[in-house]
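I opened this notebook to record what I looked up in the structure. The entries take the nonpolar cores, then a loop residue, then a surface patch.

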Amino acid sequence: MQKLIDGYARFRSNVFPKQSGLFEKLAKGQQPQALFICCSDSRVVPEVVMQCEPGTLFPCRSVGNLVPPPTETASGVAATIEYAIRVLRIPDVVICGHSDCGAMKGILESEKIESLPAVRSYLEHAGPSSKWLTRLLKDATSLSFEQKLKLLTEANVIAQLQNLRNHPAVDDALKNNTVQVHGWVYDIGTGGILQFDAEQGCFRPLLPEEKTVVVTSSDRGRKIA
Ligand SMILES: [Zn+2]
């Protein structure tokens, strides 16, 4: 805890005074550019990766970057989505999965989360396609665990995009062309982001000059064309 308090002391003495104009403006309201739905994982810090000032992203942390269906009205994720779209009128929503995700590993190795009823229950929102894929992957002996994890992580982002579109606020905004939804996967080890290309049905690098990065323990960092 002391490390955190020391950090706060540095923020008060060094950072805040230098950015006092920004904080003065933010004290009066917010106009975020994107609702960013990502996992609770401590290694995924969108403000750092996107190099954003406070007030730019409207973050929504959810284990496994899951978006419970709109029928689950008590969900904090649903409330965040509704407020972001209907009140703040945020024009873009990103669902961002990530490499080495504990939630995705829990789906692949369900025996390891038997003693975690809350996690197990929440992961049900990963949806039928994840269950189907997980069953399929368990029989795919030619794939490494890392390859299976990557496939499941990408499939989960696609499934959550569908859940997101089903929320009434998002559905209305999509019909009015006032919102765009994006599916990303962030690789912790390389810093690379892949985005889902719905037309092509595949994930492509977010930046055009980036090459596809193979995310396996043996090939980590190796690039292919
Ligand atoms: Zn995660």
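I began with the largest nonpolar core, which has 24 residues; L35, I37, I81, I85, V93, I95 and L164 touch the most other members. Such a core is a set of buried Ala, Val, Leu, Ile, Met, Phe, Trp, Tyr and Cys residues joined through side-chain atoms within 4.5 Å. I noted that two or more residues each come from β1 (34-38), β2 (57-61), α4 (76-87), β3 (92-98), α8 (145-166), α9 (168-175) and β4 (180-186). Helix α4 gives the largest share, 4 residues. Another core, of 14 residues, lies apart from this one and includes L66, C101, I113 and L137.

This is a predicted model, in which local features need pLDDT of at least 70 and side-chain atom pairs pLDDT 80 or more, while totals for chains, interfaces and linings use all residues. Residues are numbered from 1 along each chain as its sequence is written, and side-chain values use heavy atoms, without hydrogens and water.

I next checked S99, in the loop between β3 and α5 (102-108). Is S99 buried or exposed? S99 has a relative accessible area of 11%, and it counts as buried because the limit is under 20% (exposed is over 50%, partly exposed in between; 1.4 Å probe, protein chains only). Its side chain reaches the backbone nitrogen of I188 at 2.9 Å.

Last, I turned to the surface, where M1, L4 and I5 make a nonpolar patch of about 370 Å². Patch residues have over 30% relative accessible area and no salt bridge (side-chain nitrogen of Lys or Arg within 4 Å of a carboxyl oxygen of Asp or Glu), with nonpolar side chains (Val, Leu, Ile, Met, Phe, Trp, Tyr) joined within 5 Å and like charges within 9 Å. I5 lies in helix α1 (residues 2-18) and is partly exposed, at 43% relative accessibility. Helices (H or I, at least four residues) and strands (E, at least two) are DSSP runs, numbered from the N terminus.

Technical notes:
A polar contact is a pair of N or O atoms within 3.5 Å; within protein, one must be able to donate a hydrogen and the other to accept it, and residues adjacent in sequence count only if both atoms are side-chain atoms. Accessible areas come from the Shrake-Rupley method with a 1.4 Å probe; for residues, only the protein chains shown count as cover.
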